[in-house]
Structure formats: C-alpha cells, structure tokens
Amino acid sequence: MTIYAVTGASGHLGRLTVQDLLARGVPGSDVVAVVRTWAKAADLAERGVQVREADYSRPETLRAALAGVERLLLVSSSVTGQRVTHHSNVILAAKAAGTSRVAYTSMLNADSSTSPLAGEDRDTEQVLRESEVPFTVLRNSYYTEGYTDQLGQYLEAGEIVGAAGTGRISAAPRRDYAAAAARALLADEGANRTYELGGPAFDLSEFARVVTEVTGTRVSYRDLPAEEYASWVQRGGLDQATAQFVAALDAAVARGDLETTSGDLPQLLKRPAAALSEVVAAAYDAVLNATSKE
Ligand SMILES: NC(=O)c1ccc[n+]([C@@H]2O[C@H](COP(=O)([O-])OP(=O)(O)OC[C@H]3O[C@@H](n4cnc5c(N)ncnc54)[C@H](OP(=O)(O)O)[C@@H]3O)[C@@H](O)[C@H]2O)c1
C-alpha cells in the first residue's frame with residue numbers, strides 16, 4: 001500500500017489528478033488531497049479520499065498534512081513572486097515526513113525558457129535537487145484551456161489578438177497533464193527524471209483556423225508588436241504591470257519557449273495527447289450550453 005498526496009487538490013489540475021488516480025484503481029483511502037479549505041474538496045472526501053488542510057505559506061500545516069505520504073505531487077503555486085518560498089516549504093515538509101518521491105509541475109523548457117514565469121520554476125527545480133528527496137519533474141507546456149476559455153470572446157470579436165508571432169505552442173488540456181502526473185506518480189521507475197510535456201504544436205494563426213473550422217464562425221489572428229499588445233491589453237482593463245507581463249508571456253511564445261518536440265507526454269499517457277480540434281469542439285459545446293441557459 002502506497003500513500004499518494006496531491007497538493008492544490010481544490011484547483012483544476014490537482015482535482016483532475018486525484019480523480020485520475022481513483023479512476024486507475026487507487027483506493028480513496030490511499031490518496032491524500034491537500035487543500036486550503038476542506039469544504040472545497042468535500043466531493044473527494046465523499047469518494048473516500050483523505051482530505052487534509054494545509055497552506056503553502058504555513059510550514060507547520062504542511063508537515064501535518066504530509067505525515068505518512070510516500071509519493072507527492074506538488075502542484076505549483078499560483079502566487080507569482082512567492083512560488084519558490086511556497087514550493088520550498090512543501091519540499092522541506094515532504095523531506096521531514098520521509099516522502100520517498102516528490103513530483104513537481106514545472107514549466108516546459110524551464111532551464112532555457114525566457115518566460116517571465118520560468119525563473120521560479122528553475123529555482124524550484126534547484127531546491128528539489130538540493131533537497132536530496134527523489135524527484136520527478138513534470139515540465140508542462142501551456143494548458144489549451146488558457147486559449148479555449150476565451151472562445152466566446154474570440155467568436156464575438158472575430159479575432160484573436162496577441163504578440164506570439166509564429167511561435168508554436170505545444171499545448172495540451174489539463175486532463176492530459178493530470179493523467180500524465182498520475183501515471184508518473186504510480187510508476188515505480190520514475191525517480192530523478194525530467195519530462196518535457198506538451199501536445200501537438202500550433203501557432204495562433206493555426207489556432208484561429210481550427211476555431212473557424214470547428215465553429216463555422218470566421219476568426220483570424222491579429223499579431224501586434226509586444227509593446228502595442230501590452231497597450232491593447234491595458235485598454236481592456238488591466239493595469240500597466242499586468243499588461244506588460246501578459247505581453248512578455250506572448251513574447252516568450254514568439255521565441256519558441258512553449259514548443260517541444262519531446263514525445264514524453266504521449267509516452268506517459270500511452271496514447272496521443274488530445275488533438276486541438278477536439279479540445280476546441282468541447283469548448284464550443286460549453287459555449288453553446290452556456291448560451292442556451294441564458
Ligand atoms: N501550464 C499552464 O498553462 C498554466 C496556466 C496557469 C497556471 N499554471 C500553474 O499550474 C498550477 C495549477 O493550475 P490550475 O489550473 O489547477 O490552477 P488553479 O485551478 O488556480 O488551482 C490552484 C490551486 O493552488 C491552491 N493554492 C493556491 N495558493 C495556495 C496556498 N498558499 N497554499 C495551498 N494551496 C494553494 C489553490 O487552492 P484554493 O482552492 O484554496 O485557492 C488551488 O487548489 C497553477 O497554480 C500555476 O502554478 C500553469
């Protein structure tokens with residue numbers, strides 16, 4: 001009997017990973033869902049999962065939550081600027097608990113990426129290596145949902161605006177990254193490995209073409225220089241610093257930082273990652289459902 005734990009289990013990726021472990025036959029009693037607020041994971045508790053409360057910024061809560069945990073998935077923190085501290089707290093607590101392996105959701109190409117988000121992932125990987133706890137690094141590319149969640153707006157505007165140029169993005173839906181994380185946790189031979197995980201690559205012009213084909217509504221991609229894109233984002237209501245951050249993320253895409261030719265994702269999944277058209281079609285169904293309820 002191995003005890004698995006997943007942090008961020010009240011969030012999208014963590015919850016999907018817990019559900020995937022259960023679907024693969026791991027008994028709920030062998031899975032610990034680490035959350036800040038118990039009630040947010042009540043549905044998992046109903047399925048027999050051990051729900052334990054902890055906060056990345058409070059080490060004493062982490063030590064208690066990770067007691068007896070053998071394999072841990074550390075889902076990266078969403079608090080930019082505090083992520084290395086948060087992750088270090090979890091890694092140290094896992095070490096103190098005698099956890100035999102920590103898997104961490106890092107960023108694709110973390111060691112070379114120029115994305116403004118990559119530094120914290122690079123530093124976390126370093127903390128992980130120095131901790132001497134056996135580790136698995138899951139370097140995820142973008143979630144396709146980062147684009148498809150805005151499908152309704154794209155259809156309304158008839159365009160997608162960005163500064164990603166012809167940079168290709170090896171995106172995959174969260175459920176594929178979650179399934180890969182579950183498989184990596186379950187695999188006995190997965191220690192001290194780094195996986196570069198991404199789905200079939202597309203650039204934003206291709207994405208617009210797929211949106212047009214799937215929905216029957218013409219959508220095109222309008223590429224702007226990064227500074228102009230930042231101003232465009234700011235006009236949409238974001239403050240200057242956030243708009244520049246958003247534009248810098250796209251500039252990293254333009255430089256190819258979110259693309260990989262690695263076959264690690266299909267290899268872990270033992271099937272191809274979801275096709276872009278499939279993910280867009282599911283998102284379009286959601287848009288149509290939401291519209292019919294209005
Ligand atoms: N690859 C990509 O495209 C991409 C895109 C966005 C984010 N990410 C990264 O991937 C992670 C998972 O993505 P997601 O979509 O699942 O995010 P999400 O739905 O926002 O979930 C984030 C999870 O982190 C938890 N959390 C936040 N601060 C915490 C703290 N101080 N202590 C303990 N738990 C805390 C949240 O708990 P609560 O429910 O209590 O808030 C939630 O469970 C993100 O956190 C981010 O680092 C990647």
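Student: Let's start with holes. What volume does the largest cavity have?
Tutor: About 50 Å³. Keep in mind that this is a predicted model.

Student: OK. How many cavities of 30 Å³ or more does the count come to?
Tutor: Just one cavity of 30 Å³ or more.

Student: Which residues line the largest cavity?
Tutor: Thr144, then Ala171, Ala172 and Pro173, then Pro200 and Phe202, and finally Ala274, Ala275, Leu276 and Val279.

Student: And how does that lining divide into nonpolar, polar and charged?
Tutor: Nine of the residues are nonpolar and one is polar, with no charged residue in the lining.

Student: Switching to the cores. How many residues are in the largest nonpolar core, and which have the most contacts inside it?
Tutor: That core has 56 residues. Val18, Leu21, Leu66, Leu72, Leu73, Leu138 and Leu197 are the ones with the most contacts inside it.

Student: Which helix gives the largest share?
Tutor: Helix α8, residues 174–186, which contributes eight residues to this core.

Student: What is Val18 in contact with, leaving aside its neighbours within four places in sequence?
Tutor: With those neighbours set aside, Val18 is in contact with Val6, Ala9, Val31, Leu44 and Val49. Apart from the largest core lies another one, of 27 residues, and Tyr147, Ile160, Ala164 and Val219 are among them.

Student: Now α10. Which of its residues are buried?
Tutor: Tyr229, Ala230 and Val233 are buried in α10, which runs over residues 226–235. Looking down the axis of α10, the buried residues fall within an arc of 105 degrees, so they line one face of the helix.

Student: What about the other side of α10?
Tutor: Glu227 and Arg235 are exposed there.

Student: And what covers the buried residues?
Tutor: The cover for the buried residues of α10 includes strand β7 (159–162) and helix α11 (240–254).

Student: What follows α10?
Tutor: Gly237 does, and its phi is positive, near 120 degrees.

Student: Last topic, Asn109. Where does it lie?
Tutor: In the loop between β5 (101–107) and α5 (118–131).

Student: Is Asn109 buried or exposed?
Tutor: Buried: the relative accessible area of Asn109 is 16%, and the cut-off for buried is under 20%.

Student: So what is Asn109 in contact with, again leaving aside neighbours within four places in sequence?
Tutor: Arg139, Glu196, Gly256, Asp257 and Glu259 are in contact with Asn109 once those neighbours are left aside.

Key
Residues numbered from 1 in each chain as written. Predicted model: local features only at pLDDT ≥ 70, side-chain atom pairs only at ≥ 80, totals over all residues. Heavy atoms only, no water. 1 Å grid on protein atoms, 1.4 Å probe; cavity = no way out; pocket = protein on both sides within 12 Å on 5 of 7 lines; lining within 4 Å. Points joined across faces, edges and corners; volume = space filled by probe spheres on them. Nonpolar A, V, L, I, M, F, W, Y, C, P; charged D, E, K, R; others polar. Buried < 20%, exposed > 50% of the residue type's maximum accessible area, 1.4 Å probe, protein only. Helix = DSSP H or I, 4+ residues; strand = E, 2+ residues; numbered from the N terminus. Arc of directions from axis to C-beta. Contact = heavy atoms within 4.5 Å. Core = buried A, V, L, I, M, F, W, Y, C linked by side-chain atoms within 4.5 Å.
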